[in-house]
Amino acid sequence: MSQPVNSPHFNANARKALDDAFLQKALARSEKGFIERRKAAVEKLPEYDALRDSARDLKDHILAHLDLYLEAYEKNVIASGGHVHWAANADEANEIILSICKRLDAKKVAKGKSMISEETGLNAYLEENGIRPIETDLGEYIIQLRGETPSHLIAPALHVTKEQIEADFRRAHVDLPPERNLDEPTSLLAEARAMLREKFLAADVGITGANFLIAETGSSVIVTNEGNGDLSQTLAKAHIVISSIEKVVPTREDAGTFLRLLARTASGLDLSVYTTFSTGARREGDPDGPLEYHVVLLDNGRSNMLGGKFQEMLRCIRCGACMNHCPVFHAVGGHAYGWVYPGPMGAVLTPSLVGVEKGGQLPNASTFCGRCEEVCPVRIPLPKLMRNWREREFERHLQPAAARYGLGVWAAFAKRPAVYRAATSLAMKMLRLFGGKGRLRRLPLASGWTEYRDFPAPEGETFQSLWKKRGAAR
Amino acid sequence: MSGRDAIFATIRKSLRVTGDDSLRRESVAARLEKHPRGIVPARGQKPEAERTELFRQMVENAKASIVILDSKDDVPAAVAAYLRSKNLPQSIRHGDDERLSLIPWAKERTLEVTKGASDGAQLASVSYSFAGVAESGTLVMLSGADNPTTLNFLPDHHLVVVDERDIAGDYETIWDRLRERLGAKAMPRVVNWITGPSRSGDIEQTHLLGAHGPRSLHVLVVRNS
């Protein structure tokens with residue numbers, strides 16, 4: 001099953017995104033807020049950078065001992081009355097979840113937000129098998145109504161405008177009076193709250209993701225601002241957690257290190273409103289809570305990333321800061337990336353999980369400005385990892401013929417300095433013929449560039465010749 | 001090979017390790033056993049009076065409201081006043097927590113007090129918190145019959161009593177207290193950290209209160225409990 005990969009069409013997706021007026025409006029609106037909120041929260045915590053260093057080191061320690069922490073985690077889940085299921089790939093994870101639902105005769109599932117379930121294509125799979133999953137995070141609910149996938153890790157409906165949401169609600173909530181006023185975001189929220197409250201109370205099974213898994217206690221941790229993950233897991237007969245193997249952390253104290261970074265970096269809050277540590281099912285004497293607690297642990301290619309060039313990517317805690325600060329993401333949004341994970345983290349993770357043949361386009365979608373690495377709470381060297389992919393893509397002859405040919409021609413000149421100098425100064429002169437001074441609005445063979453922006457006309461000399469002159473004058 | 005064995009085999013192959021390396025095992029066991037503290041922000045490390053003041057500020061930053069009461073005997077009047085201020089019926093639901101049973105609810109003659117979990121029909125609930133954390137204005141709630149988890153999420157208004165002496169500077173102190181109470185590794189079914197009322201930023205990234213959980217959160221700190 002798993003979600004289909006549309007990443008090889010990044011270029012076409014990006015072009016479509018640039019022409020999408022709704023999307024461009026939504027992106028323009030979101031850019032500033034995320035950046036400013038993170039900055040304000042970080043400035044209020046003097047220990048922020050020290051926490052990042054220690055989070056990076058802690059993740060490296062965990063990954064080096066991943067097998068042992070997973071063993072300890074499993075043991076403690078079982079000791080607290082829960083069940084652990086291991087899934088090597090998406091199909092196995094989906095089948096495990098379906099079999100639990102079938103055994104409980106479940107027809108309706110309330111779902112908290114989970115990117116891992118996006119990875120496995122869980123919703124489509126459950127629907128094919130007669131089970132109705134309802135996304136309960138407001139953003140996820142909106143995109144489920146629209147038949148879309150999330151375009152951002154923590155703001156799945158980032159690409160949708162208020163007017164579009166109103167239209168979706170009017171289309172989906174047909175039992176409500178058509179003349180009702182939905183002009184204000186607050187009335188949209190109130191309507192979603194009422195609709196979803198019924199779903200929570202009617203759900204047979206609650207499925208949530210996990211931000212962290214704690215080995216010491218066998219607990220799963222989710223953070224939400226809405227409380228939807230809590231209602232999903234508290235009111236159903238069974239709580240199923242779907243998570244990936246690298247989410248395990250040693251202790252409750254260690255979870256605290258990441259929690260102090262996560263919300264600040266993601267949304268600018270000191271903590272998310274609800275941080276929930278779930279350990280096993282309803283205990284004797286408990287008046288509420290699920291009767292069964294299951295954890296499905298997905299590998300899906302992650303174990304192959306350990307010990308290799310891309311291991312550092314497994315430190316990611318899914319805060320979304322890299323995409324919030326990415327000029328490419330700001331221009332094209334998340335869907336252009338063509339699979340589950342967008343932005344710089346997606347550009348590194350996607351080829352790791354689906355293969356460089358399908359995901360190799362994404363590491364090219366970067367200006368290498370380095371802002372993603374600057375804001376990453378676990379200091380993942382994203383630009384370096386993207387360069388690793390580019391090299392691998394080139395080595396394996398996966399780039400388009402034109403790009404390979406262009407690089408080959410450039411390399412042939414660059415290896416011969418005298419020829420290179422002569423050729424570039426000739427090119428400068430030719431460019432001046434086209435545009436004189438100022439900016440060039442049209443260029444032969446480069447309409448792909450000039451269609452969207454002007455090309456600066458050369459000042460008349462190459463950098464190398466200017467450098468030489470200034471060096472001589474000094 | 002089962003899915004589990006295959007995953008462990010690949011992890012160990014990729015890391016170029018075996019499962020029986022005693023140095024690695026010792027390092028993991030030691031961390032789980034000693035649960036060393038990481039970096040604890042200086043922000044919450046204050047004497048009690050200042051800590052309570054920080055807690056108050058952080059609770060308000062998180063868009064909850066807070067009152068500080070001299071004694072448990074003041075709780076009924078404070079609850080009644082809150083319900084009145086929100087134009088709500090004088091009715092509140094709580095769990096079996098003995099500390100809640102000892103509150104002299106009868107002092108508010110019009111206040112109806114019911115007991116049990118929530119089925120979604122109640123507008124207001126009151127819980128007794130295990131602890132507060134000044135660093136972020138967070139309430140720490142433990143599941144169980146004393147304070148049913150549904151009371152934290154289903155009613156529109158959640159009122160939470162916390163004893164001043166249970167307000168700590170940081171999360172680490174609370175975990176140690178929980179270890180003391182339940183045992184080294186034990187956890188209740190759920191520990192809820194609650195920092196402000198429910199909200200969503202999913203409509204055009206504007207934060208709106210009252211998503212799926214309570215629309216408002218009211219904290220009552222008791223000084224001399």
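Here are some questions and answers about how two chains of a predicted model are put together.

Q: What makes chain A agree with a compact globule?
A: Start with the length, which is 474 residues. For that many residues, a compact globule would have a radius of gyration near 23 Å. Chain A comes out at 25 Å, and that agrees. Along its principal axes, the C-alpha trace of chain A spans about 85 × 60 × 45 Å, and the chain holds 23 helices and 12 strands.

Q: How do you know where the domains of chain A lie?
A: The bounds come from an automatic or database domain assignment. For chain A, that assignment gives domain 1 as 31-303 and domain 2 as 402-473. Their C-alpha centres lie 51 Å apart.

Q: And which domains does chain B have?
A: Chain B is assigned domain 1 (1-34) and domain 2 (46-224). Here the C-alpha centres are 41 Å apart.

Q: How do you know that chain A touches chain B, and how many residues take part?
A: Two residues are in contact if their C-beta atoms lie within 7 Å. By that test, 81 residues of chain A meet 63 residues of chain B. On the chain A side, helix α10 (residues 185-202) gives the largest share, with eight residues. Sorted by class, that side of chain A has 32 nonpolar, 30 polar and 19 charged residues.

Q: Why is α4(A) called oblique to α2(B)?
A: Look at the angle. Helix α4 (residues 66-79) of chain A packs against helix α2 (residues 22-34) of chain B at about 45 degrees, and their axes are 10 Å apart. Roughly parallel needs an angle under 35 degrees, and roughly perpendicular needs 65 to 115, so about 45 degrees makes α4(A) oblique to α2(B). The crossing of these two helices is right-handed.

Q: What makes the contact between α4(A) and α2(B)?
A: From α4(A) come L68(A), Y69(A) and A72(A). From α2(B) come R24(B), R25(B), V28(B) and L32(B). Arg counts as charged, while Leu, Tyr, Ala and Val count as nonpolar. The tally for this contact is five nonpolar, no polar and two charged residues.

Q: Why are α8(A) and α9(A) called roughly perpendicular?
A: Helix α8 (residues 138-146) of chain A packs with α9(A) at an angle of about 65 degrees, with their axes 10 Å apart. Roughly perpendicular covers 65 to 115 degrees, so α8(A) and α9(A) get that name. Their crossing is left-handed. I142(A), L145(A) and R146(A) of α8(A) meet I165(A), D168(A) and A172(A) of α9(A). Those residues divide into four nonpolar, no polar and two charged.

Q: How do α9(A) and α10(A) cross, and what makes their contact?
A: The axes of helix α9 (residues 162-172) of chain A and α10(A) come within 11 Å and cross at roughly 35 degrees. This crossing is left-handed. On the α9(A) side, the contact uses K162(A), I165(A), E166(A) and F169(A). On the α10(A) side, P185(A), L188(A) and E191(A) take part. Lys and Glu count as charged, while Ile, Phe, Pro and Leu count as nonpolar. The result is four nonpolar, no polar and three charged residues.

Conventions. Residues are numbered from 1 along each chain as its sequence is written. Chains are lettered from A and ligands numbered from 1 in the order in which they are written. This is a predicted model: local features need pLDDT of at least 70, side-chain atom pairs count only at pLDDT 80 or more; totals for chains, interfaces and linings use all residues. Axes are lines fitted to C-alpha atoms, for helices over the stretch in contact, and angles run from 0 to 180 degrees between N-to-C directions. Helices (H or I, at least four residues) and strands (E, at least two) are DSSP runs, numbered from the N terminus. Angles under 35 degrees count as roughly parallel, over 145 as roughly antiparallel, 65 to 115 as roughly perpendicular and the rest as oblique. A crossing is left-handed if the near helix is turned anticlockwise from the far one by less than a right angle, and right-handed if clockwise. The radius of gyration is taken over C-alpha atoms; the globule rule is 2.2 Å times the number of residues to the power 0.38.
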